[in-house]
Amino acid sequence: MGQEFLLQFLEVGIIDLGSDDNKLEKLRETAKDLSATLRQAPPKTSSFTMAAADPAIASTDPAIVEAMEALKKQWQTISNTHRSPPVAILRAIMLDAIMQAARADDAIAVAFVNTARNALVHASVADEADIWRTAVSEIETKVDSRAEAEWATPEMISVKPLKYVPPNPKGVDYVFSFVRSYSSSQHGPVPGQSCA
């Protein structure tokens, strides 16, 4: 198993659970549930990645709403703790879920890397830059390894000998004589031919 990205968000202080391991376990379970959702519906990878990569994402974004619904299943009292959806926590859960799914499914891995590379250029993730760099690098290495294995040229390529049959020389002479006669009748003599 790879790194747990929820812990990285905790370590840099982007999310704060007040040293409550029970809350952390609820976040882990939510990430696991969202990862299963992604594996069942890989096209959601792009929207989840775009939402997770954007610190300024609205709490009404469909991916954030879906993550919040998944979190409520694990942590029924979250509305008492957070009056509005805790976007930073949801983003951390989503990245962790994406990473779990991308490690298991190559299609999700490709979608994540392609979307994250484009989204992160426009997002202001200064505090999270190392987390994202690590995540993209891990999955990009996986994607590149598979691509190299599938597209690498083998050391030796064996090709059956080609059989070449030259064209009929008589047919070629006919074409040249036709071109010569056509050229001289339409455009004057062919160079090297007498006018007589």
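This section describes the fold, the core and selected side-chain contacts of a predicted model.

The protein chain has nine helices and zero strands. Read from start to end, its pattern is α-α-α-α-α-α-α-α-α. Of the 196 residues in the protein chain, 31% are buried. Among contacts with a sequence separation of 6 or more, 68% join residues 24 or more positions apart.

The largest nonpolar core has 48 residues. Within this core, Leu-27, Ile-93, Met-94, Leu-95 and Phe-112 touch the most other members. Helix 1, helix 2 (21–40), helix 3, helix 4 (62–74), helix 6, helix 7 and helix 8 each give two or more residues to this core. Helix 6 gives the most, with 12 residues. The contacts of Leu-27 show how such a core residue is surrounded. Neighbours within four places in sequence aside, Leu-27 is in contact with Leu-6, Ile-15, Leu-17, Leu-71, Trp-75, Ile-89 and Ile-93.

Helix 6 covers residues 87–104 and has 18 residues. From first C-alpha to last, helix 6 reaches 26 Å, close to the 26 Å expected at 1.5 Å a residue. Of its 18 residues, 14 are buried, so helix 6 is largely enclosed by the rest of the structure. A charged-residue position also falls here: Arg-91 is in helix 6. Arg-91 has a relative accessible area of 2% and is therefore buried, the cut-off being under 20%. A polar atom of the Arg-91 side chain lies 3.3 Å from the backbone oxygen of Asp-54.The loop between helix 5 (78–81) and helix 6 holds Pro-85. Pro-85 counts as partly exposed, at 28% relative accessibility. Its C-alpha is 6.2 Å from that of Ser-59, although Pro-85 and Ser-59 are 26 residues apart in sequence. Beyond its neighbours within four places in sequence, Pro-85 is in contact with Ser-59, Met-68 and Leu-90.

Aromatic pairing was examined next. The count comes to one aromatic pair. Phe-112 and Trp-132 form this pair, which is stacked. The ring centres are 6.4 Å apart, with 25 degrees between the planes. Phe-112 lies in helix 7 (residues 106–122) and Trp-132 in helix 8 (residues 129–151), so the pair ties together parts that are 20 residues apart in sequence. Both partners are shielded by the stated criterion: Phe-112 is buried at 0% relative accessibility, and Trp-132 is buried at 1%. Phe-112 is also one of the core residues that touch the most other members.

Helix 8 has 23 residues, which should span 33 Å at 1.5 Å a residue. Its end C-alpha atoms are 31 Å apart, which agrees. The buried residues in helix 8 include Ile-131, Trp-132, Ala-135, Val-136, Ile-139 and Val-143. An α-helix has 3.6 residues a turn, so residues three or four places apart point the same way.

In helix 3, the buried residues are Thr-45, Phe-48, Thr-49, Ala-51 and Ala-52. They cover an arc of only 165 degrees around the axis, which puts them on the same side of helix 3. Lys-44 is also found in helix 3, which covers residues 44–52. With a relative accessible area of 27%, Lys-44 is partly exposed. Residues up to four places away in sequence aside, Lys-44 touches Thr-37, Leu-38 and Glu-66. The side chains of Lys-44 and Glu-66 are joined by a polar contact of 2.8 Å. Lys-44 and Ala-111 are 67 residues apart in sequence, yet their C-alpha atoms are 9.3 Å apart in space.

A further polar contact involves Glu-4, in the segment before helix 1 (5–11). Glu-4 has a relative accessible area of 19%; because buried means under 20%, Glu-4 counts as buried. Its side chain makes a polar contact of 2.5 Å with the side chain of Arg-28. Not counting residues up to four places away in sequence, Glu-4 touches Arg-28 and Asp-96.

Notes:
Residues numbered from 1 in each chain as written. Predicted model: local features only at pLDDT ≥ 70, side-chain atom pairs only at ≥ 80, totals over all residues. Heavy atoms only, no water. Helix = DSSP H or I, 4+ residues; strand = E, 2+ residues; numbered from the N terminus. Buried < 20%, exposed > 50% of the residue type's maximum accessible area, 1.4 Å probe, protein only. Contact = heavy atoms within 4.5 Å. Polar contact = N/O pair within 3.5 Å; in protein donor to acceptor, adjacent residues only side chain to side chain. Phe/Tyr/Trp six-rings, centres within 6.5 Å; stacked < 30°, edge-to-face > 60°. Expected span 1.5 Å × (residues − 1). Core = buried A, V, L, I, M, F, W, Y, C linked by side-chain atoms within 4.5 Å. Arc of directions from axis to C-beta.
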